There are 6 protein chains.
Amino acid sequence: MKILVINPNTTQSMTDTIGHAAARAAAPGTTTVTVQPDKGPVSIESQYDSAFCVPGMLEIIKAAEEEGGYAGYVVACFRDPGLEAAREIATGPVIGICEAAMHAASMLGKGFSVVSTLKRSAKVQYDLARKYGFIDQLMSVRAAGVPVLELEDAHSGAADKVKAETLKAIEEDGAECVLLGCAGMVDLAQRLTQETGIPVMDGVTVAVKMVEALAGLGLGTSKIVSYAPPREKPYTGAFAANAPGPVHKRAAE
Amino acid sequence: MKILVINPNTTQSMTDTIGHAAARAAAPGTTTVTVQPDKGPVSIESQYDSAFCVPGMLEIIKAAEEEGGYAGYVVACFRDPGLEAAREIATGPVIGICEAAMHAASMLGKGFSVVSTLKRSAKVQYDLARKYGFIDQLMSVRAAGVPVLELEDAHSGAADKVKAETLKAIEEDGAECVLLGCAGMVDLAQRLTQETGIPVMDGVTVAVKMVEALAGLGLGTSKIVSYAPPREKPYTGAFAANAPGPVHKRAAE
Amino acid sequence: MKILVINPNTTQSMTDTIGHAAARAAAPGTTTVTVQPDKGPVSIESQYDSAFCVPGMLEIIKAAEEEGGYAGYVVACFRDPGLEAAREIATGPVIGICEAAMHAASMLGKGFSVVSTLKRSAKVQYDLARKYGFIDQLMSVRAAGVPVLELEDAHSGAADKVKAETLKAIEEDGAECVLLGCAGMVDLAQRLTQETGIPVMDGVTVAVKMVEALAGLGLGTSKIVSYAPPREKPYTGAFAANAPGPVHKRAAE
Amino acid sequence: MKILVINPNTTQSMTDTIGHAAARAAAPGTTTVTVQPDKGPVSIESQYDSAFCVPGMLEIIKAAEEEGGYAGYVVACFRDPGLEAAREIATGPVIGICEAAMHAASMLGKGFSVVSTLKRSAKVQYDLARKYGFIDQLMSVRAAGVPVLELEDAHSGAADKVKAETLKAIEEDGAECVLLGCAGMVDLAQRLTQETGIPVMDGVTVAVKMVEALAGLGLGTSKIVSYAPPREKPYTGAFAANAPGPVHKRAAE
Amino acid sequence: MKILVINPNTTQSMTDTIGHAAARAAAPGTTTVTVQPDKGPVSIESQYDSAFCVPGMLEIIKAAEEEGGYAGYVVACFRDPGLEAAREIATGPVIGICEAAMHAASMLGKGFSVVSTLKRSAKVQYDLARKYGFIDQLMSVRAAGVPVLELEDAHSGAADKVKAETLKAIEEDGAECVLLGCAGMVDLAQRLTQETGIPVMDGVTVAVKMVEALAGLGLGTSKIVSYAPPREKPYTGAFAANAPGPVHKRAAE
Amino acid sequence: MKILVINPNTTQSMTDTIGHAAARAAAPGTTTVTVQPDKGPVSIESQYDSAFCVPGMLEIIKAAEEEGGYAGYVVACFRDPGLEAAREIATGPVIGICEAAMHAASMLGKGFSVVSTLKRSAKVQYDLARKYGFIDQLMSVRAAGVPVLELEDAHSGAADKVKAETLKAIEEDGAECVLLGCAGMVDLAQRLTQETGIPVMDGVTVAVKMVEALAGLGLGTSKIVSYAPPREKPYTGAFAANAPGPVHKRAAE
């Protein structure tokens, strides 16, 4: 099985980090390919950044599908940008790392917290938990006060800040699992699991396993209505080449 | 007061329709300017279309803000694409037409329905109602089975189909107000209000009035945390010019 | 357009304060008339007070409608007393100041708090937020510990207490907008907006603008079912004169 | 134990019907007294009617409390008008008949429906179920299309219409209990329970038993914050005599 | 009327405590019988304990029903174990003590807290409140840090710890009623009600009164669908004797 | 990796069916062992049946853990009986088949339905969806009217009935995925996926893959509070041997 993991930002070192984690998580027989768009923000820390990472990410998936597609796709940003649009153009499952981690946490403990990067992202996490159905299980969102790219810098103290908030989530907020709210924290999960004694999850590895699970059963995205392929139509200007092409089997409308 | 109304698709005739409606709705002393992006889908009927209309729309708002900004902005697509990203870069209020219509309906009757274009959009409306807080008031979403651009064709029978679903929403679903779920239906609202005897609302005109209301009180988007300006950073490739610039007054993070 | 603003308590100085604020908020072409009932509590600080302000308020609206009606009505108490009853007898929109402020706040920031007068009112605000659909956005209700009529006394220190709670709502509770939970605080809003840098809203001025917005589009209360005119019937005793008269066009029942 | 049952409308025959049912339901040792206000609507079929029944009802409770009070109070209208205001001035429990029936139904079956009088009341029932916490258990509200006072007329066919809707609620909506949504239906409950084989409840008798249950344990309304006695203050005009008097033990504010 | 109160654990002294409380609460004319299973945990402090208390409890109810049944049943553990299973085999009402206390509290104050034994039970209380519909009214769950059987020991300091948490619930969490979250706390309720001035409820006595209320009206569990008798079938091994027997009147399936 | 799949009923042929499906779903390197309790109901069609399947199931898990444990556990009944109790005594993940299927469906389509066996189980599915957070996504529960053990009989027409309800769920209820609501339907899933063109899922295979996913990442149940091992204590009578033993590392309480 081949899984395409997309880092929606354009920082190669982060793509590499994500790629290594994805590869380690993959089962024997699974190949993960990790890529990044050729345009867009170097990190995703706002809804504005998010909006500009999506077109490049969709281009990648559209091209992949035209060449036969992957068994499934992982969107490796904890805001789950463009998830629904991606599902419209993919055949296999498309899973966001926030979504994956929340699903996993809800099966492993009663109540989880998210330890995120910046305070401005906190309410986005609440919105996602509400959308996915996990709001009753979301005990808190804590911001470590660390910009995304500082996570790459071993001397930034970022890991300590993430750990400190993880402990507070456990002790003060009633978290029984903790989700690391940025793909850049992927390497911290295992260490914090050991140090805290509770499941501390990054979303990248969980999402890879979720795609393996679903695609392994032959399950893909339901194409019947909401995630049916976009109707064929022209796009204008710089996005002309992104226009959805003809759809062979028309879904219910 | 100057209000910028953005039709996020690239069909000029639809921009014209929206623009005329916006202008008619505006109070004396309000000027509305209605524009469309220079790139993207000719109509927005999927989350994929939605993703590709947002960058062009944000460019328009960013440019406008750099030239002094408008009193407020209207996003004239009933999926409210890019609303939160827009708020991060705007100073005045930014209001989506779905949002505006739902707010208005919830003050005028107990329970409303949306009459939309295609069935594939129905659950998007439920998601938006859930997000905005109006899910308990959303009695139903009915699809007229009309693609967006057919609304422009007087001979398509689209108006009759919209009316038929409006009547069913009233009689079968308990709707006391009906929202027309596409900016292209703006000219039907007044006629259907008269013919049905209940408030039938298009979102464009309501959103214009909501911006007038809020901006008229000197109220703008709260810039303190969630809608603070995006952090300055490079964007790569074709989106390099869209990178957020320096922020003068740093918000809480 | 003529808007009738009703202060549901019987304190003239408070009616004056409200009236001046309403008049300042009104657009050119809008006339606001602000009145108070001829019977009832001098301030509204309990559900009991609330119950006794409603009959006088409904008398005012019924009389106004019999004389041709106003374009719309504002109920200027932050408990929104009698709102649904008023809608049954009015043709134009009827908007409560709590409702109006919550709608506005939800379009300007992600999460708002209410700074109210007395602790005993706090859960009423939660109930209203739940009813209107904004409970997920209500970060906290803070009581300034100030009885309503002390707000009128410049030497009471009330303004400072309100400001202190406003700042706590921002810093501790995650409020991105703050609503002043009493019509008597109307003059503080603008000052606190400037001093805190976030939208601090009073409901009176927002409600006036909301009525302008809806009535300006020719929209009124939906009279089809829930807000249909009360059925004609006798009332006995002291309320005999308040009995609903004949309804010309019968609504669905 | 003495329980005061208040029919909030002013139709003596309906007070009698309620009174007989209450007396039959009372345990040995319980005395029920059933009264009606000296002013207000002859039946309660709108929020407007509701508003005008409350002052008279509160006068009754206030007077009762001043004379030593009852063990508890029943508000015998299925809209539960004035319930919270009544709790502020009462010491014992105050229970509405809608509330009581919903509580009971939720302990006897999984999912209940309300069979009400007129269609215009349906959404009021949804609002109450939402407020009390039973919305997930409310399968439907069905209107028998019978005005309140026709229930008194044996030849009106009202009983048959109520039965027909009760059966539909069971067969089509998944109701496992049915609540009769008007105090005037009290005599139908027992008969329909036998004829349908499921619990069909009127609220009057259930509310009497609930007051017996709570007051029998020495439990009364919590007077600490939300239902603390109204603050002493003047009322003006025709309501001057209704002003809340001095409160001996001040609650938290 | 005869009510069967079941202490689902196997500690006789706790059954005695519960039995005395139940007997004191019962109205003249009501007889309460309090029993415990012949197998299972000596106290119920986990979902595992809960699972092993249920079979013995169901045996008791099944045997009781086969001998003519009781007017109703009380499940005297604050986790409400086996409540739905019990309803399937009982004819009269079956009421859990957590359920009963939450219903009562929601009619006596705006918002309640639970003071429970161990921290590990806290989220069970949230789950129950969510299931019953009272989550919006549940202000907090506080653990006194007292194992169940220590409540029996007068020298354990348990009562003081329970009181301390009760006071914190009132002062810090906004509780207007407090529920004692263990059947073993039944003797504390009255004392804490007096000492705190708010209703402090144990569930045992409230549940007895609720059964009296419902059974006193001739109301029993709805047997039509969800709580219909279990279908006849063999059970194997040690549970062979627990197999459901023939059902005389088949319910809807 | 070794996964223990527990069929909680005592019908060997059903255990075999489940076992074959689990084995087919397992990845290379995963061994599934499928077992059934030595006591309890031959099928689980009520909460009463459910209560009597749990002790045997917990015995199996407890014994397995004492012998070193499995990587994870699957509870193969669509009511997810005893899930939380099982988590308290297991170290690895414990996943119910209803839970697993709902999680999967929510990542593959917008809205799913459950096609279940008997009508009496329908509201149990709603309760589970509400508990897990998927109630907004649950479009309907449809009962095929087939008792569990008839699913084993090729001539019962059960498969046709399940298919008919699956199609209705798609066409009438808006389901984009369908969950087969009984472990006995496991062999129908693949066939119905092909025949309907949407993901039709059985829970057994999905749960196996979910355990593989989580355990494959080294994630287990959070033992910190809610799912901490049960406290050591005696059990009496026939359950004496089930008493929880000493806990080596004490969790927070």
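This is a guided tour of a predicted model, going from two chain interfaces to the aromatic rings and one buried lysine.

**Stop 1: chains B and A**

Start by selecting chain B and chain A. Superpose B on A: a rotation of 180 degrees with 0.0 Å of shift along its axis does it, at an RMSD of 0.0 Å. Now colour the contact residues. You should have 47 residues of chain B against 47 residues of chain A. The two chains bury about 4,300 Å² between them, and carbon and sulfur atoms give 60% of that area. On the chain B side, pick Tyr48(B), Phe52(B) and Arg120(B). These residues lose the most area to chain A, together 20% of what that side buries.

Which surface does each copy use here? Of the interface residues of chain B, 100% are also interface residues in chain A, so the copies meet through the same surface.

Next, show the charged side chains. There are 8 salt bridges across the interface of chain B and chain A. One to display is Lys233(B) with Asp49(A), whose side chains meet at 2.6 Å, N to O.

**Stop 2: chains B and C**

Hide chain A and bring up chain C. A turn of 180 degrees, with a shift of 0.0 Å along the axis, lays chain B on chain C with an RMSD of 0.0 Å. That is how a two-fold axis relates its copies. To find the axis from chain B, select Gly133(B): its C-alpha is the nearest in that chain, 2.1 Å from the axis. Both copies use the same surface, and 100% of the contact residues of chain B recur in chain C.

Colour this contact too. Chain B puts in 42 residues and chain C puts in 42 residues. About 3,400 Å² is buried between chain B and chain C, 67% of it on carbon and sulfur atoms. Show Met107(B), Leu108(B) and Leu217(B) as sticks. They supply 20% of the area that chain B buries against chain C, more than any other three residues.

How many salt bridges cross the interface of chain B and chain C? The count is 2. Zoom in on Glu84(B) and Lys110(C), where the side chains form a salt bridge at 2.7 Å, N to O.

**Stop 3: aromatic rings**

Show every Phe, Tyr and Trp ring. Over all chains there are 36 aromatic pairs. Take Tyr48(A) and Phe52(A). Their ring centres are 5.0 Å apart and their planes stand at 55 degrees, so the pair is tilted. Both residues sit in helix α2 (residues 47-66) of chain A, 4 residues apart, which is about one turn of the helix. Are these rings buried or exposed? Tyr48(A) is buried, at 1% relative accessibility. Phe52(A) is buried as well, at 0%.

Move to Phe239(C) and Phe52(D). This aromatic pair is edge-to-face, with 5.1 Å from centre to centre and 75 degrees between the planes. The pair runs between chains: Phe239(C) is in the segment after β10 (235-236) of chain C, and Phe52(D) is in helix α2 (residues 47-66) of chain D. Phe239(C) counts as buried at 2% relative accessibility. Phe52(D) counts as buried at 0%.

Go back to chains A and B and select residues 48, 52, 235 and 239 in each. Ring pairs join Tyr48(A), Phe52(A), Tyr235(A), Phe239(A), Tyr48(B), Phe52(B), Tyr235(B) and Phe239(B) into a cluster.

**Stop 4: lysines over rings**

Stay on Phe239(B) and add Lys39(A). The lysine lies over the face of the ring, at 5.9 Å from the ring centre. Then jump to chains E and F. There, Lys39(E) lies over the face of Phe239(F), at 5.9 Å from its ring centre.

**Stop 5: Lys62(D)**

Finish in chain D. Lys62(D) is in helix α2 of that chain. Is Lys62(D) buried or exposed? Its relative accessible area is 16%; under 20% counts as buried, so Lys62(D) is buried.

What is Lys62(D) in contact with, leaving aside its neighbours within four places in sequence? From chain C, select Tyr48(C). From chain D, select Ile89(D), Ala241(D), Asn242(D), Ala243(D) and Pro244(D).

Terms used: Residues are numbered from 1 along each chain as its sequence is written. Chains are lettered from A and ligands numbered from 1 in the order in which they are written. This is a predicted model: local features need pLDDT of at least 70, side-chain atom pairs count only at pLDDT 80 or more; totals for chains, interfaces and linings use all residues. Side-chain values use heavy atoms; hydrogens and water are left out. Copies are superposed by least squares on the C-alpha atoms of residues with pLDDT of at least 70 in both. Contact means heavy atoms within 4.5 Å. Rings of Phe, Tyr and Trp (its six-membered ring) pair if their centres lie within 6.5 Å; planes under 30 degrees apart count as stacked, over 60 as edge-to-face and the rest as tilted. Helices (H or I, at least four residues) and strands (E, at least two) are DSSP runs, numbered from the N terminus. Buried means under 20% relative accessible area, exposed over 50%, partly exposed in between (1.4 Å probe, protein chains only). A charge sits over a ring if NZ of Lys or CZ of Arg is within 6 Å of the ring centre and within 35 degrees of the ring normal. Buried area is the accessible area (1.4 Å probe) that two parts lose on being put together, summed over both. A salt bridge is a side-chain nitrogen of Lys or Arg within 4 Å of a carboxyl oxygen of Asp or Glu.
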